[in-house]
Amino acid sequence: MFAIVDCNNFYASCERLFQPKLEHQPIVVLSNNDGCVIARSNEAKALGIKMGAPAFEIQTLLEQHQVAVFSSNYALYGDISHRVMQVLGRFTPAIEIYSIDEAFLDVAQLAFTDLETYASTMRTTVLQQVGIPTTIGIAASKTLAKAANRYAKKACKTTGVFVMDTEAKRQEVLEALPVEDVWGIGRKYQVWLDAHNIKTAWQLSNTNLAWIQKKMGVVGLRLVKELQGIACYDLEEQPAAKQGIMTSRSFGNLISEKKLLQEAIATHATRCAEKLRKQHSCCALLQVFIHTNAYRKQDAQYHGVLSIPIPTATDSTSELIQLAMSALDHIYKPGFLYKKAGVYVSEIVPRSQVQLSLFSSKDRGKEQQLLEAMDKINTLMGRDKVRYAAAGISRKWKLRQEKKSPCYTTNVNELLRIKN
DNA sequence: TCTGGGGTCCTAGGACCC
DNA sequence: TCTGGGGTCCTAGGACCC
């Protein structure tokens with residue numbers, strides 16, 4: 001049996017945690033640049049605010065209902081997520097952190113435990129010790145656990161737990177689940193399934209396997225088997241190293257100046273190098289892109305992209321910055337209004353397996369020490385406390401984040417103030 | 001005026017090997 | 001007159017997830 005623990009309206013709940021007066025009030029959290037809605041409290045959902053809605057389109061609605069609006073604060077959400085996962089980890093070591101707000105647990109070992117009580121205790125503990133409400137679904141496969149979780153959100157609001165431990169319950173849950181809400185069914189498959197009159201998860205779980213495999217490949221085959229209660233996916237406790245790492249941002253304002261693009265690209269390259277070092281990897285391919293705002297039909301459009309192979313895989317900030325700068329030289333065209341820039345690194349190998357070059361005169365050990373020292377300082381004293389000058393100091397290209405809450409739990413200067 | 005930022009896995013087809 | 005039977009690696013693109 002698998003359990004999935006899902007934090008309810010996670011980002012909205014994190015904001016509410018430090019502003020209890022927002023209990024029972026509608027809350028939305030906006031994407032980077034305050035662009036569109038990426039999280040909603042139940043009250044905001046009830047107002048009909050859709051996931052992904054551009055903020056400017058629903059401006060009046062937000063004001064009318066006095067919705068509390070927040071810019072996203074990933075330092076806060078990341079820290080709260082970590083706390084939730086730690087509490088869950090005390091219940092069982094068999095935990096897979098699936099996303100910032102979800103974890104799968106393997107509860108098969110708990111054959112003699114009452115799973116309902118077990119899950120209920122976990123929920124209460126997380127709520128008490130971290131303050132985040134959760135919902136828990138338990139079933140024979142990950143896909144069914146997801147379905148059980150969804151069911152619990154609607155049908156078991158007070159307990160927040162649903163254990164799918166009989167065939168009757170499986171049928172009950174799957175019959176109530178629209179096929180497009182099945183984990184692994186996206187818009188394309190929904191359209192195709194609908195055309196074949198498959199509207200519910202129950203119907204999907206009873207289709208012919210060969211027929212499904214023809215259209216949806218082995219992925220579809222596994223999906224249907226999982227719905228039938230045959231687990232095809234195991235718990236993955238050790239997260240695998242990333243095979244590609246992307247850092248990109250939209251700009252707060254449109255940019256045409258090359259210098260600002262250079263600063264942004266250098267910053268993104270810095271971030272990619274940090275992420276590489278964090279997972280003890282090096283990359284052998286670097287890609288840089290810049291593009292204009294495709295929504296602005298009146299503007300001339302341009303999308304520049306260039307990949308540079310790196311002879312000896314690296315995790316060096318300076319090396320990635322240099323390569324990224326030369327890539328930018330090739331793709332930059334003056335006269336365009338740029339909206340977004342990014343750096344992507346791939347062909348990732350473990351640092352211990354990097355093939356060195358016979359002809360390189362570089363002292364890699366020495367540079368490694370420098371990078372370690374930089375990482376240490378920045379971890380201790382705050383991001384970018386020491387950084388390469390190429391990343392600039394003006395930050396004119398920065399995001400718009402007008403409604404960001406304080407980093408209550410990660411910055412000593414922004415602690416919650418109880419009384420002035 | 002204003003529209004996010006990351007990731008994964010799988011498949012088909014081409015080029016090549018013996 | 002007749003033209004095998006296995007493989008691998010790579011890439012682009014499509015589907016999905018949060």
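**Exercise 1.** How many salt bridges are counted between domain 1 and domain 2? Describe the contact between these two domains in the predicted model.

*Solution.* Begin with the division of chain A, which consists of domain 1 (11-73), domain 2 (77-227) and domain 3 (245-391). Next, place the two domains in question relative to each other: the C-alpha centres of domain 1 and domain 2 are 26 Å apart. Then look at the residues that meet, where 10 residues of domain 1 are in contact with 7 residues of domain 2, taking contact as heavy atoms within 4.5 Å. The area buried between domain 1 and domain 2 comes to about 690 Å², and carbon and sulfur atoms give 73% of that area. On the side of domain 1, the residues that lose the most area to domain 2 are Y11, C14 and L17, which together make up 61% of what that side buries. Finally, the count of salt bridges between domain 1 and domain 2 is 0.

**Exercise 2.** Why does the second largest pocket lie between domain 1 and domain 2? Work out its volume and its lining as well.

*Solution.* The volume is the starting point, and about 1700 Å³ of space lies in the second largest pocket. Of the 45 residues that line this pocket, D6, N8, N9, K45 and K153 are the closest to its centre. Turning to secondary structure, at least two lining residues come from each of β1 (2-7), α1 (10-17), β3 (37-40), α2 (42-46), α5 (115-129) and α6 (142-155), and α6 gives the most, with 8 residues. Sorted by class, the lining of the second largest pocket has 19 nonpolar, 10 polar and 16 charged residues. The last step answers the question: because domain 1 (11-73) and domain 2 (77-227) both give residues to this lining, the second largest pocket lies between them.

**Exercise 3.** Which residues are the closest to the centre of the largest pocket, and which elements give two or more residues to its lining?

*Solution.* First take the volume, since about 2400 Å³ of space lies in the largest pocket. Its lining holds 41 residues, among which R271, E274, K275, K278 and R383 are the closest to the centre. The elements that give two or more residues to this lining are α4 (74-91), β5 (95-99), β9 (244-255), α11 (258-278) and α13 (364-381). To complete the description, divide the lining of the largest pocket by class, which yields 14 nonpolar, 15 polar and 12 charged residues.

Technical notes. Residues are numbered from 1 along each chain as its sequence is written. Chains are lettered from A and ligands numbered from 1 in the order in which they are written. This is a predicted model: local features need pLDDT of at least 70, side-chain atom pairs count only at pLDDT 80 or more; totals for chains, interfaces and linings use all residues. Side-chain values use heavy atoms; hydrogens and water are left out. On a 1 Å grid over the protein atoms alone, a cavity is a set of points where a 1.4 Å probe fits but cannot get out, and a pocket is an open set with protein on both sides within 12 Å along at least five of seven lines; lining residues have an atom within 4 Å of a point. Grid points are joined across faces, edges and corners, and a volume is the space filled by probe spheres set on the points. Helices (H or I, at least four residues) and strands (E, at least two) are DSSP runs, numbered from the N terminus. Ala, Val, Leu, Ile, Met, Phe, Trp, Tyr, Cys and Pro count as nonpolar, Asp, Glu, Lys and Arg as charged, and the others, Gly among them, as polar. Domain bounds come from an automatic or database domain assignment. Buried area is the accessible area (1.4 Å probe) that two parts lose on being put together, summed over both. A salt bridge is a side-chain nitrogen of Lys or Arg within 4 Å of a carboxyl oxygen of Asp or Glu.
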